[in-house]
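The following exercises ask the reader to examine a structure step by step. Each task is followed by a worked solution.

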Amino acid sequence: MKLVERQQGLDAELLNFHGLWHPQPFREPRPQWCERWPSLFNELMGLPEADIARLNDDSEAALALLARHIPAVSTLSHLADLPVLQGTSLPERSAHWAWEIPGRKREQIEAFAAAAGQGRQPVLDWCGGKGHLGRLLALTWQTPVHTLEINAGLCEAGEGLAQRAGVRQQFVISDALTATDWPQAGQHAVALHACGELHRRLIRDGVDKGVGSFDVAPCCYYRGVAESYQALSANLHLALTRDDTRLAVTETVTSSPRETRQRDRAIAWKLGFDAYRRTVSGDAYRSFKPVPEAWIRAEFADFLARMAERERLPLPSTSVAAEFEARGWQRRNEVMRLSIVRHAFRRAIEVWLALDLACFLNERGYEVGLGSFCDRRLTPRNLLISARLA
């Protein structure tokens, strides 16, 4: 399927099912779809707890559940199913190139480098941190590399690692959002998990400056989005809010049981406070300011009192705190079940966002490939946009 055909198909289908994935059960106790598809609602409410986390983190399984009640959504599975990019085998090298790199991160870097394929142009390693990816490409491709990174300490550490590896890698201390000298014409720009506006700016400015090749694995699409996402490519009808773009990156594949328990506790307690605020003020849901982790580690009565004081609400009694803690856990159980519907569309929205970047490059004269560079168990942010100026 051509990129533009896939993009137009996803755009139309996501618009068609907007009422399923756009409402947030955390904010809306009963989205309207609950009344329209009561059998779906009843199945979700009856799910055993053991299935909840799995379905919330597995978009494909969630979409299959949804399709039993709304068969038309199964079209999304085909539209969001991207090919695995055929990479090249990396030559054997000393393990010393990977000093200081955790095992999972090293595997991501090696998978990205293999899928990107060898280039003959000087490499720009965008937002490269200590330059691990750039160092591997310098070793493998035998080409000079510039690593652009805002953190001077990371640059200094990266310079030491490059010297130990004996590669031609220079570090540029610069803010990628304001840099004027980078990227440059004729470069091969690479970016592994540059967040939000960082990867969008690389692509926009790179096109304007004549970058010869791009290999970009986007991440955290919502970063840099104010209220609504500004599409780069043409002929799109779907409009995403910042929260919609955040939906694309909500799943995890590496959470420990302890982290899961902490997450559930934070959700339940925030929902308990939300119920208290609605009760005493009559207000609808309001966005949360960041909550200090120490507050979540305390007893719920202390948490509720601190939140009430911060929000200038009447201070609750101990008995009131117990009531709203129970309501918070009840709401958590409902929210986690209802959120399965929203999360069924997660991958489709991420592919839509990646297609926006890919089709923009295609419109500007690049030959573009879009696919996955590794299994999602290694990283759920496994999409790679690979573009060459025609």
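**Exercise 1. Unusual backbone geometry**

Task: Determine whether Cys127 is buried, partly exposed or exposed, and then examine its phi angle.

Solution. The model is a predicted one.
- Step 1. The relative accessibility of Cys127 is 24%, so this residue counts as partly exposed. The class runs between the limit for buried, under 20%, and the limit for exposed, over 50%.
- Step 2. Cys127 belongs to the loop between strand E1 (123-126) and helix H9 (132-141).
- Step 3. The phi of Cys127 is positive, about 55°, although the residue is not a glycine. Most residues other than glycine have a negative phi.
- Step 4. A second case is Arg312, whose phi is also positive, about 60°, although it is not a glycine. Arg312 sits in the loop between helix H15 (300-310) and helix H16. With a relative accessibility of 79%, Arg312 counts as exposed.
- Step 5. The peptide bond from Trp182 to Pro183 is cis, with omega near 0°. Most peptide bonds are trans. Pro183 is placed in the loop between strand E3 (169-173) and strand E4 (188-195).

**Exercise 2. The buried face of a helix**

Task: Which residues of helix H5 (residues 49-57) are buried, and what do they pack against?

Solution.
- Step 1. In H5, the buried residues are Ile52, Leu55 and Asn56.
- Step 2. Viewed along the axis of H5, these buried residues lie within an arc of 95°, and therefore they line one face of the helix.
- Step 3. The packing partners of the buried residues of H5 are helix H6 (59-67), helix H16 (318-343) and helix H17 (346-363).

**Exercise 3. The span of a helix**

Task: State how far helix H1 (residues 3-16) reaches from its first C-alpha to its last, and identify its packing partners.

Solution.
- Step 1. H1 has 14 residues and reaches 20 Å, close to the 20 Å expected at 1.5 Å a residue.
- Step 2. The buried residues of H1 are Leu3, Arg6, Gln7, Gly9, Leu10, Asp11, Glu13 and Leu14.
- Step 3. These residues pack against helix H2 (18-21), helix H7 (75-79), H17 and strand E6 (366-372).

**Exercise 4. Three buried side chains**

Task: For Arg332, Phe360 and Tyr276, establish the location and the contacts of each residue.

Solution.
- Step 1. Arg332 is part of helix H16. Its relative accessible area is 5%, so Arg332 is buried. Leaving aside residues up to four places away in sequence, Arg332 touches Glu49, Asp264, Ile267, Ala268 and Leu271.
- Step 2. Phe360 is located in helix H17. With a relative accessible area of 6%, Phe360 is buried. Among the residues that Phe360 touches are Ile203, Arg204, Val207 and Leu232. Arg204 lies 156 residues from Phe360 along the chain, and their C-alpha atoms are separated by 8.8 Å.
- Step 3. Tyr276 is found in helix H13 and, at 4% relative accessibility, counts as buried. The residues touched by Tyr276 include Leu304, Ala308, Leu313, Pro314 and Phe324. The C-alpha atoms of Tyr276 and Arg327 are 9.2 Å apart, with their positions 51 residues apart along the chain.

**Exercise 5. The two largest pockets**

Task: Describe the lining of the largest pocket and that of the second largest pocket.

Solution. Rolling a probe the size of a water molecule over the atoms shows where empty space is left.
- Step 1. The largest pocket holds about 1,500 Å³ of space. Its lining has 37 residues, and those nearest its centre are Phe26, Arg263, Ala266, Ile267 and Lys270.
- Step 2. Two or more lining residues come from each of H5, helix H12 (242-247), helix H13 (257-281), helix H14 (293-297) and H16. H13 gives the most, with eight residues.
- Step 3. By type, the lining of the largest pocket comprises 13 nonpolar, 10 polar and 14 charged residues.
- Step 4. The volume of the second largest pocket is about 540 Å³. It is lined by 22 residues, of which Glu60, Ala80, Asp81, Arg347 and Arg376 are closest to its centre.
- Step 5. At least two residues of this second lining come from each of H6, H7 and H17. H17 provides the largest share, four residues.
- Step 6. The lining of the second largest pocket divides into eight nonpolar, four polar and 10 charged residues.

How values were computed. Residues are numbered from 1 along each chain as its sequence is written. This is a predicted model: local features need pLDDT of at least 70, side-chain atom pairs count only at pLDDT 80 or more; totals for chains, interfaces and linings use all residues. Side-chain values use heavy atoms; hydrogens and water are left out. Buried means under 20% relative accessible area, exposed over 50%, partly exposed in between (1.4 Å probe, protein chains only). The arc is that of the directions from the helix axis to the C-beta atoms. Contact means heavy atoms within 4.5 Å. The expected span of a helix is 1.5 Å times one less than its number of residues. On a 1 Å grid over the protein atoms alone, a cavity is a set of points where a 1.4 Å probe fits but cannot get out, and a pocket is an open set with protein on both sides within 12 Å along at least five of seven lines; lining residues have an atom within 4 Å of a point. Grid points are joined across faces, edges and corners, and a volume is the space filled by probe spheres set on the points. Ala, Val, Leu, Ile, Met, Phe, Trp, Tyr, Cys and Pro count as nonpolar, Asp, Glu, Lys and Arg as charged, and the others, Gly among them, as polar.
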